[in-house]
Amino acid sequence: MEKTVWAALASPRYLISSWPWRSYAYLLTSVPLGVLSIGVLVGIAGLGAVLSPILVGVLMLMAFPLLGAAIGYVERRRAGLMLVDGIPSPHAALPPGLSPRARLTFRRREQASMRALGYGFVFGVFVWPLSALIGGISAMVLGITLATPFLAGDGEDVAMWSWKLNSFWEGLLFTVLFGPVFYAVSSYLLGVLAGAEASLAKAMLGPRQEELQRNLAQLRRSRLDLVDAFETERARIERHLHDGVQQRLVGLTMTLGLAELDLPEGEGRRLVVKAHAEAEAALADLRAAVRGIHPRVLVDHGMQAAAREVADRMPLPVTLNITLPDRLPAPIEAAAYFVISEALANVAKHARATSCEVSGWVDRGRLVITVQDDGIGGARLGAGTGLTGLVTRLDALGGTLDVDSPPGGPTRLRMECPCRLGD
């Protein structure tokens, strides 16, 4: 479905789509809301002026921007009838820890609240009367046209201009001849009017460029906080496994080893030997899991050393060409490490490659990592959960991940990410 009424009006399917009825609904719902808006605004303005000598009147006048914010909230929701994507909120996210009074004060001082207040007056004085006039007349005429066969079928003459209808069939003929023509003309007229009103609402209630940039920055900060919290939790789990579970397994393997030496040959010794081997295998699996959760070498020596460790474990030769001037912020190093680790794991599992090359460098303040293999190709983002999760992580950091993998190969994965979290 088209996302705006303007795109729908240009479509030959407009008359058989939902847009004409959306236009009717948008215009007719503006009538009670417009009357309510201007009534509340004028009523509170008058009451505040009368009570202005006392504190209550001053507080009522100071609360005007909050009324504008409430009107803007309702109108942005109602605009979804004409704008499929709706109107984004221009308001800033409330800082945490504010009291209810501080929250109201924060909203009252925003420019978006004042713009919404201005829209409330325009909506209450000009918009709804026009909607009521054109939308109401169109709805009334369309309703009478559809009801004409039943009105004429009551035995009384029904006058339609110079045409007098006195039977159900004459009324039905009138409806068939006149109804589609009026529906087509009124639908386009109402579509244009509703689109204009929705565009006015978007212009006055939508975010300005600086507000969009502020909201984007707030979203980026919140996502960075999530990434940071996730990394903190990973480190906590790694410490718990490394200092707790792993040490217990080490102690278990040592105890089983001593028991193996002390027991004589027989069924008991054979079971202890088997348990010793199982414990050592579990310890190896745990070390691999700990390495994947939060590699110690990444924390201690940086991304280059961690990538070299991953490459050394690969079953095929991997060439590393990573040149970084200095250590990067921990979330960026972690993202780059996991991109390399996941990419090399996919090469080993699926690519049928004989060699692989990992390159990394800094270009104009952005970290660039590429992983290229000579395998069979056909890789794509979204085919598995590993790379999809990395795309989400990089997006939170302001980075991107692209895969170029034509059938037959080669496959080239490219990651780009700012070298500073603030970017």
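**Salt bridges and cores, talked through**

Mentor: Let's start with a trio: Arg 366, Arg 414 and Glu 416 are linked in a network of salt bridges. This is a predicted model, where local features need pLDDT of at least 70, side-chain atom pairs count only at pLDDT 80 or more, and totals for chains, interfaces and linings use all residues. Residues are numbered from 1 along each chain as its sequence is written, and side-chain values use heavy atoms, with hydrogens and water left out.

Trainee: What makes Glu 333 and Arg 327 a salt bridge?

Mentor: A salt bridge needs a side-chain nitrogen of Lys or Arg within 4 Å of a carboxyl oxygen of Asp or Glu. For Glu 333 and Arg 327 the N to O value is 2.8 Å, so the pair counts.

Trainee: Why is Glu 333 called buried?

Mentor: Buried means under 20% relative accessible area, exposed over 50%, and partly exposed in between (1.4 Å probe, protein chains only). Glu 333 has 3% relative accessibility, so it's buried.

Trainee: And why is Arg 327 called partly exposed?

Mentor: Its relative accessibility is 41%, so Arg 327 falls in the in-between class.

Trainee: What makes Glu 110 buried?

Mentor: Glu 110 has a relative accessible area of 10%, so the buried label fits. Glu 110 also forms a salt bridge with Arg 107, with the closest N and O atoms 3.0 Å apart.

Trainee: How do you know that Ile 340 is in contact with Met 303?

Mentor: Contact means heavy atoms within 4.5 Å. Leaving aside neighbours within four places in sequence, Ile 340 has Met 303 among its contacts, and also Val 358.
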